[in-house]
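Please open the model in your viewer and keep the sequence panel beside it. The tour below suggests what to select at each stop and says what is to be found there.

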Amino acid sequence: MAQVLVVDDVRGARTTLSRMLQEAGHGVQSAESVQDAIEKLKQHTFDVMVADIIMPESSGLELLRCSAEIAPGLKVILLTGVPSVDSAAEAIRAHAFDYLVKPVDQETLVRSVTAAARYKLIEDEDLQNRHHLENLVGEQTLLIQDYLLRLQRVAEQTEPLILCHDQDELASQTLELLARVTGASGGSVYLRRADQLHLVDSLDWGHQPRQIPVPPPTRSVLGKLFSQKEPIHSEDVSQQWDIEPTSWPGYINPSFIALPFLDASGEISGAITLHNKRTGPFTRQDLALGRIISAHATAGFQNLEFHQAQREADQRYRDLIDRSLTGVFIQQEYRLVYVNPRFLSMLGYSPQQSNLVVGQPFVQLVYPEDRDVISSPLVSRLKGEEPSPHIELRLVRNSGEVLHCELLVGRIEYNGRPALLGNLIDCSERKRAEEALKLSERRYRQLIENAPLGILTCDTQGVIQDVNPRLLDILGSPSAHQTREINCLAYPPMVEAGISADCLQCLQTGEPSQAERPYTSKWGKELFLRYHITPIRGDEEEITGMQAIVEDVSGTRRTVEEKLELERQLFHAQKMESIGRLAGGIAHDFKNLLTGIMGNIQLALLDIPPHAPQHDALVECHRSARRASELTNQLLTFSRRQIIQPTNLDLSDVIRRMSKILERLIGEDIQLALRLDPSLGLIHADQGQIEQILVNLVVNARDAMPAGGRLEIRTTSLTITPEVTPFDPSLQPGEYVVLSLTDTGIGMTEEVRSRIFEPFFTTKPSEKGTGLGLSTVYGIVRKHQGTIQVSSQLGKGSTFTVYLPTVEGDEERAISRAPFMDAMPTGSETILMVEDNPLVRDFNLKVLQRLEYNVLVAANGEEALRIAEEYGQTIDLLLTDVVMPGMSGRDLSLFLKQRQPRIKVLFVSGYTDEIIAQHGLEKGSETLLPKPYTPRDLAVQLRLLLDQEV
């Protein structure tokens, strides 16, 4: 049953076409327009589309072109009510399957749709076969070998059929031969005698009647055979609507073949039915072989009839050969003296043209290139010698066509003189089958030879029988001969790789096996093989060998591993970035708290004399708050949001100057070795942060070597080009300085190594580490557009490698900050202080009031503008946080400078660099005071700004 889409803008036509197809058993959907049809083609799968050529909004030809893109392989039948040569030609050019003229009758429509569906089915099967090439090659090879073997058996065993002298024995031998060749375990042979078919032999007695009337029942297999007089082949008798399936329980599958014996008049003289194929169902090859055998059997029956007629009377003999299905001739004294009608019809002559044949030598009818082949056997037969019983030759028909035949020649007495009796069997169909088989074998051999995968076959002892060129390329083998010297079950490298075990298991169990294994070929090629092994079976399903399909996946495997490693590093970088953002946000809020806490403690200390009992407690609180501030700075370093002062540095020089400090850090039981490149490029970095990287990594190495050891610090240069993919996708092509620290410590597990840069993660006791040392290093490195890589092996130490980009320029020195004044300077100017955090706002107000400034206080930008407007006088300085809800500190300063151009601005923030990047502050053009700050820090910065000349 085919799935059909009917497209016609006329509802009545659409309904009629759908009904005709549904009555024929096809599944039908309909569409009223081209657009509707396109939508249905996108939503459903169809085998055939029947479409009107002329429709309102578009044509069936346009729909045909669209369907080629939407549903490749769909077969389209075009209908037209106004046929023309031009429209038919255009339909052919558009690759329409058929072109029908309305009104179309049901038989024509159903026949066209059925043919289209069958053609599509063939195409789909061919596409499926190409998609499963590996399995198909093996299966087709077995089929070809099986068919060749069966053809050979047929050729060897059909001669006795023709020479058999008993009708019942011939019938039994024919049935037995057909059963062996086709694999049938059930079947019967009938011969016609008068008006009855008599059961001569059966492979499974008990279900067939001994006699069947002629003609047999209409809906039986024999009834259909008698009606069409052609062989019948069905893979499923239940699908044959005109045949009633038998109720006999001995049928194990519904497939069957029925073959007729035709007499000279074209009537059925007997029949053979075959069923219960052991490997069912019956194939077309079975049918083709059955035709050949039945043709020989038919010839045998006809020969029997011929001899019987000879015994009874010469006239009856003449009648028999006249009706023979083989071409019969008698040649005497090198001239044809008699030919039967079949002989004439085979050569394309009518009975009235027999005079054109009789009287000339038989050899004149033979194809010129075969005349030498036929002359000697004819002479030998005439002399009574025994040449080959049958000869294959070609004859030239009246039309000039070539006819392939088998010739059987015998010596007889004709009218009292020696003569030759020849029987010609038309073997054109068999020749076509053989040529098709050779073509198929050649085609599949070419598929194997040109296959992109390596293919080999071997016997049950592991001896390689065949290999294709691709396998030689994979193994690096110079020749197929040298490859066949390898035994798949005993070759040591294959045994060591486990390949031999897979081969042996397949040969012993018959189960397919597949695996991926490393393997070094006999010719030294390092491979990672992916292979699929399947058994090869003989006629009796016994295992006769195996076939392997092989692919080298070394390159693919490396590519996948590299991709996974890059994805892992990218995921890790993204995770660390997310953790950094979280840490930066927490540190920002914590700095606001520390500003209020530390500031208020210092204000309290200013009012409490040193000998007061509260003084020491406040000092201790201030000390703890400062430690908290240092911890916050580490978080900001990790999140890359801290204040930095980058300069051009020589990393080797920085390490050399710190060497004494580093030696004191690691202690006397650890040897420090420096391998510093004197011609190292410059990096643009904050010297303090670079020193912090060194200190943290050295301390980490020291803690990993509790019993002492060796620490090596090395600097080198590295160039990354666009052609080389770096291990970290964030590294851009260019020049890099590489810092590596290698210790001989306890090393790390993979689980620990994957988490070492996470904040607060540590393997040390709580009193020895906070878990921020390596996360701080990570933050500093990423802040400087670099990356860090760690390799470690448990019990053998670790290596930390830092990559930092180089810059052009000369080495600079960090500018030292001037020390703060011992006393807090005061003033009388007017300061507008804007701070959204209540704790910091209250602290700022207390400090400014103590410093005797005139203070205006606002909680946000909008309130600050309103207060400035109401104040109406000059404001000397704006003290504002940068990030606030609503209006930012930067925008507020711009608004105020429009009204009071001489106003000075002091920004405060926890994220100096982030503020510069996100809020438009030009680095160095504005004054920023980082949080947390002390009252003295604020007092000094205010005074420095207010005393500057505008």
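Begin by selecting helix α1, residues 11-23, in this predicted model. At 1.5 Å a residue its 13 residues should span 18 Å, and the C-alpha atoms at its two ends are 18 Å apart, which agrees with that expectation.

Next, keep α1 on screen and show the side chains of Arg 14, Leu 17, Ser 18, Met 20 and Leu 21, which are the buried residues of this helix. Around the helix axis they cover an arc of only 160 degrees, which puts them on the same side of α1. To see what covers these buried residues, add the elements that include β1 (3-7), β2 (27-31), β4 (75-80) and α5 (106-131). Then turn to the face of α1 that points away from its buried side, where the exposed residues Arg 11 and Glu 23 are carried. Following the chain onward from α1, select Gly 25, whose phi is positive, near 95 degrees.

The second part of the tour concerns aromatic rings. How many aromatic pairs does a search of the whole structure find? The search finds 5, and two of the stops below show a pair in detail.

For one of them, select Phe 97 and Tyr 119, whose ring centres are 5.8 Å apart and whose planes stand at 45 degrees, so the pair is tilted. Phe 97 lies in the loop between α4 (85-93) and β5 (98-101), whereas Tyr 119 belongs to helix α5, so the pair ties together parts that are 22 residues apart in sequence. Are these two residues buried or partly exposed? Phe 97 is partly exposed, with a relative accessible area of 30%, and Tyr 119, at 43% relative accessibility, also counts as partly exposed.

Now move to Phe 343 and Phe 362, which form a tilted aromatic pair with 6.4 Å from centre to centre and 50 degrees between the planes. This pair links distant parts of the chain, 19 residues apart, with Phe 343 in helix α12 (residues 341-346) and Phe 362 in the loop between α12 and α13 (371-382). Because buried means under 20% relative accessible area, Phe 343 counts as buried at 1% relative accessibility, and Phe 362 counts as buried at 0%.

For the last stop, add Phe 329 to the selection, since ring pairs link Phe 329, Phe 343 and Phe 362 into a cluster.

How values were computed. Residues numbered from 1 in each chain as written. Predicted model: local features only at pLDDT ≥ 70, side-chain atom pairs only at ≥ 80, totals over all residues. Heavy atoms only, no water. Helix = DSSP H or I, 4+ residues; strand = E, 2+ residues; numbered from the N terminus. Expected span 1.5 Å × (residues − 1). Buried < 20%, exposed > 50% of the residue type's maximum accessible area, 1.4 Å probe, protein only. Arc of directions from axis to C-beta. Contact = heavy atoms within 4.5 Å. Phe/Tyr/Trp six-rings, centres within 6.5 Å; stacked < 30°, edge-to-face > 60°.
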